Amino acid sequence: MPMTMLNATHNPDLLCWEPTANGDTDFPIQNLPFGRFRRPGRGPQGGVAIGDKIVDLAALLELELLKGDAEAAARAGAGDDLLPLLRLGNGPASALRARLSDLLSEGGASGLREAAGRVLVAQADVEMLLPTTVRQFSDMCVSTFHIGRRNGNDDRGQPICPPVFRTLPVGYDGRASSIVVSGTPVHRPNGTWQESFNAGDLAFGPEPRQDYELEVGLWFGGEGNSRGQPLSMAQASDALFGMCLLNDWSSRGIQFWETMLGPFLGKSMATTISPWIVTVEALAPFRVPAFARPAGDPPVPAHLNETGDQQAGGFDIALTSRLQTKTMRGAGVSAQAICKTNFRHMYWTFAQMVAHHASNGCSLAAGDLLGSGTCSGPEMAEAACLAESLVAGSVKLDNGETREWLEDGDTIVLEGRAMRDGYASIGFGKASGQIIPAPDWPT
Ligand code: MN
């Protein structure tokens, strides 16, 4: 079943009998993302967000309202980890989505509304967890605007990127152990850096140039490829299960000094993700063509070129980074937007990233997480990390504070919203993290 198709679950006229799902919410009935949560004093369990509530899948199963693939998906998602659900892939998850849409909609199937008191949990009463223990994490780098911000433009007016950039989706293997869920504090790392930005003597100690990167994360679904076997573009498209927001915290002093083979300690201190898996099916109304290659760029390589992906492999998702300093928090001032960009600026599609990743026979499977790379657009207001913002000078906040780099106590909040006329807008929740002081060096 192609996840590009629109179906009854995308109907913008659907309303939910749960009132918080209607109106301005990230989680209307057209979204239905999967997540893992924990009630106080209980173990982890799987659920589906609706408004400011969660459908507890284990409690839903007890009502015996599901059958076939929908029941199989609910069983796979009802345990203490969402990996079994990711393994089942898009088909069963889609069947569960269709049934939940019917059970939750005003005038839809009966049975769930009557038991809402037992099945719906308030998000405010639970702790959100990572959907699963991340199996493998790789991070890509596929915005020409991110790379070109510091390099300038060529004589075509296009961002100057290394020769490899337009020939394949560039990436590196990250650390699964570094992935943390939104809300987890992030230590400033210790490391080796030059005293000035790319100049000066070397020092070791707390990173002076701590940055963030606004990215989208991709949850891989299905059985994947066995080692040695590549994935076709069609297989790669089918493996796209869902997305989240991803902050690839980047320590620029460490990164810029150490990089010879690629990023290492400059990236592996922490990567923050939003807890909800917004399914690729839920995002179907927001698909857009793959990035239009400017005249003079190399052609799309044949093994990464598929008609459906070229026509609809991109996603129109508005993305925002917000910063709240310790001073702002103390004064009760909410986080201020410092970047507004869109996922459609990415030069390569997620299907191309997956197909490229597997092209040498590298094994990918459910539970793998892929970062898109910094989602910068052409305008300065679309600079999705501080290293880029700095090209126009330090970030100026409304309260008079300025930032070249993140200070201890600063919180970065990432948000995402997919919007299109004629469709219900869906959101991603938040990926939030606060920088806390570097740990004391062990004696
Ligand atoms: Mn990155």
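**Overall build, metal site and buried elements of the model**

The protein chain carries 35 positive and 49 negative side chains, and the centres of these two sets lie 1 Å apart. These values, like the others below, were computed from a predicted model.

We can start with the chain as a whole. Its secondary structure comprises 12 helices and 26 strands. Along the principal axes, the C-alpha trace of the protein chain spans about 70 × 55 × 45 Å. The radius of gyration is 22 Å, which agrees with the value near 22 Å for a compact globule of 443 residues. Contacts tell us how the chain is brought together: of those with a separation of 6 or more, 73% are between residues 24 or more positions apart. Of the 443 residues, 56% are buried. What the protein chain exposes amounts to about 18,000 Å², and carbon and sulfur atoms supply 52% of this area.

The next feature to look for is the manganese ion. Its coordination comes from Asp-139 (OD), Glu-213 (OE), Glu-215 (OE) and Asp-248 (OD), at 2.0 to 2.5 Å. Read along the sequence, these donor residues follow the spacing D-x73-E-x1-E-x32-D. Asp-139 and Asp-248 link distant parts of the chain, being 109 residues apart. Asp-139 belongs to strand 6 (residues 136-141), while Asp-248 sits in the loop between strand 14 (240-247) and strand 15 (250-251). How accessible are these two residues? Asp-139 has a relative accessible area of 1%, so this residue counts as buried, the cut-off being under 20%. With a relative accessible area of 0%, Asp-248 is buried by the same cut-off.

Two helices offer further views of the interior. In helix 4 (residues 90-104) we find Ser-101. Because its relative accessible area is 5%, Ser-101 is classed as buried. Leaving aside residues up to four places away in sequence, Ser-101 touches Thr-9, Leu-14, Ile-29 and Leu-32.

Helix 11 (residues 350-358) can be followed residue by residue. Eight of its nine residues are buried, so this helix is largely enclosed by the rest of the structure. The buried residues are Phe-350, Ala-351, Gln-352, Met-353, Val-354, Ala-355, His-357 and Ala-358. As a helpful reminder when viewing such an element, an α-helix has 3.6 residues a turn, so residues three or four places apart point the same way.

How values were computed. Residues are numbered from 1 along each chain as its sequence is written. This is a predicted model: local features need pLDDT of at least 70, side-chain atom pairs count only at pLDDT 80 or more; totals for chains, interfaces and linings use all residues. Side-chain values use heavy atoms; hydrogens and water are left out. Helices (H or I, at least four residues) and strands (E, at least two) are DSSP runs, numbered from the N terminus. The radius of gyration is taken over C-alpha atoms; the globule rule is 2.2 Å times the number of residues to the power 0.38. Buried means under 20% relative accessible area, exposed over 50%, partly exposed in between (1.4 Å probe, protein chains only). Contact means heavy atoms within 4.5 Å. Accessible areas come from the Shrake-Rupley method with a 1.4 Å probe; for residues, only the protein chains shown count as cover. Lys and Arg count as positive and Asp and Glu as negative; His and the chain ends are not counted. The place of a charge is taken as NZ of Lys, CZ of Arg, CG of Asp or CD of Glu. Donors are N, O and S atoms within 2.8 Å of the metal (3.2 Å for Na, K and Ca); water is not among the atoms, so sites may look incomplete.
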